[in-house]
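Welcome, and please open the model in your viewer. We will go from the whole chain to a few places worth selecting.

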Amino acid sequence: MQNLIIWLIIFIVSLFVLIKASDFFTDAAEKIGISLGISPFLVGVTIVSVGTSLPELVSSIIAVNQNSSEIVFGNVVGSNIANIFLIIGTASLISSPLRIQYELINVDLPLFVGSAFLLSLTVLDNNFSINEAIICILGYVVYVFYTISSGKEEQQSGSINRSKKSFPLKQILIVIVSSLFVFLGATYTIKSVTKISEILQIGKELIALSAVALGTSLPELIVTISAARKGNPEIAVGNVLGSNIFNSLMVMGIPRLTGKLEIPDDFIGSGLLVLLVGTILFFFVTQDKQVTRWEGLIFFIFYGWFIGNIFGFV
């Protein structure tokens, strides 16, 4: 019992360090981009979306190197489910209805749905090959290049206000130091998950699907709540879309390049199915460019059922 308490404390502290370090990394990197003359739009799509998904990526790479690769798939699926049901549900309650002006249907929504189905197709045979990982990574690169080209059109229209700023030495130091703490936080998060699963005799993938996934989704939740309160629903919704696309394509793809990924059988029929249902539901809900409070409550019910089902409560 004493060992369990110790490892639970280590898990909470290391997850907190991972999240806070990622937050510092994202803020500093965003300021570096703006100071170098990169448009806020491009900074948001590239740095912020990647930064809020940094905990998932780093913890997944560490998991593979610590022979706990089953955590990777659970982390990706669990985080994406939390992003859809919990985070969008929260945003819709804060800013009801959650209105979206940006034309998501052109590229973002189709790729959002496509990335979830591509992830499903690649793991149906319980094997995620290096070639499939490369395809996923290339898919995300294409998405980023399209977004950058769209941002350049915005810059050429003259809507971007450029201002020359001093060399961001402080932010560069913050990026370096926070990167170190991201690594340390991720290392001990995965190590504590392994120890807790051994003590409780619970599969590591179940803890990854619930506690780790929810914890690593906290940056997205914080960004989304802040954006909703400030009346920026596009940022709230875009953050979830960008994070889910990044998780499905890069958080699965990059760790596979460092080692073999174990795909738990139970997740194919449970977690993955919930993710696909959530993705399709989100696609249809946003067709009228808004998410109402009642739709947000339905999302909450789905997430409550999902967590209860994992641990056999429902």
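Start by selecting Y188, which sits in helix α7, spanning residues 169-200; helices here are DSSP runs of H or I with at least four residues, strands are runs of E with at least two, and both are numbered from the N terminus. Y188 is partly exposed because its relative accessibility is 41%; the classes are buried under 20% relative accessible area, exposed over 50%, and partly exposed in between, with a 1.4 Å probe and protein chains only.

A word on what you are looking at: this is a predicted model, in which local features need pLDDT of at least 70 and side-chain atom pairs count only at pLDDT 80 or more, while totals for chains, interfaces and linings use all residues. Residues are numbered from 1 along each chain as its sequence is written, and side-chain values use heavy atoms, with hydrogens and water left out.

Now add L169, L173, I176, V177, L180, F181, F183 and L184 to Y188: together they form a nonpolar surface patch with about 860 Å² of accessible area. Such a patch takes residues with over 30% relative accessible area and no salt bridge (a side-chain nitrogen of Lys or Arg within 4 Å of a carboxyl oxygen of Asp or Glu). Nonpolar side chains (Val, Leu, Ile, Met, Phe, Trp, Tyr) are joined within 5 Å, and like charges within 9 Å. Areas come from the Shrake-Rupley method with a 1.4 Å probe, and for residues only the protein chains shown count as cover.

Next, pick S68, in the loop between α3 (54-65) and α4 (70-94). Is S68 buried or exposed? S68 is buried, because its relative accessibility is 1%. Beyond its neighbours within four places in sequence, S68 has contacts (heavy atoms within 4.5 Å) with A63, I190, T194 and K204.

Move on to L276 in helix α12, residues 271-285. With a relative accessible area of 16%, L276 is buried. Show its contacts outside the four-place sequence window: A116, F117 and S120. Then try a C-alpha distance: L276 and L119 are 9.9 Å apart in space and 157 residues apart in sequence.

For the interior, select F73, M252 and F282, which touch the most other members of the 77-residue largest nonpolar core. The largest share of this core, 13 residues, comes from α4. A core joins buried Ala, Val, Leu, Ile, Met, Phe, Trp, Tyr and Cys residues through side-chain atoms within 4.5 Å. Centre on M252: leaving aside neighbours within four places, its contacts include F73, L119, F128 and I263.

Finally, zoom out: the protein has 13 helices and two strands, and 52% of its 314 residues count as buried.
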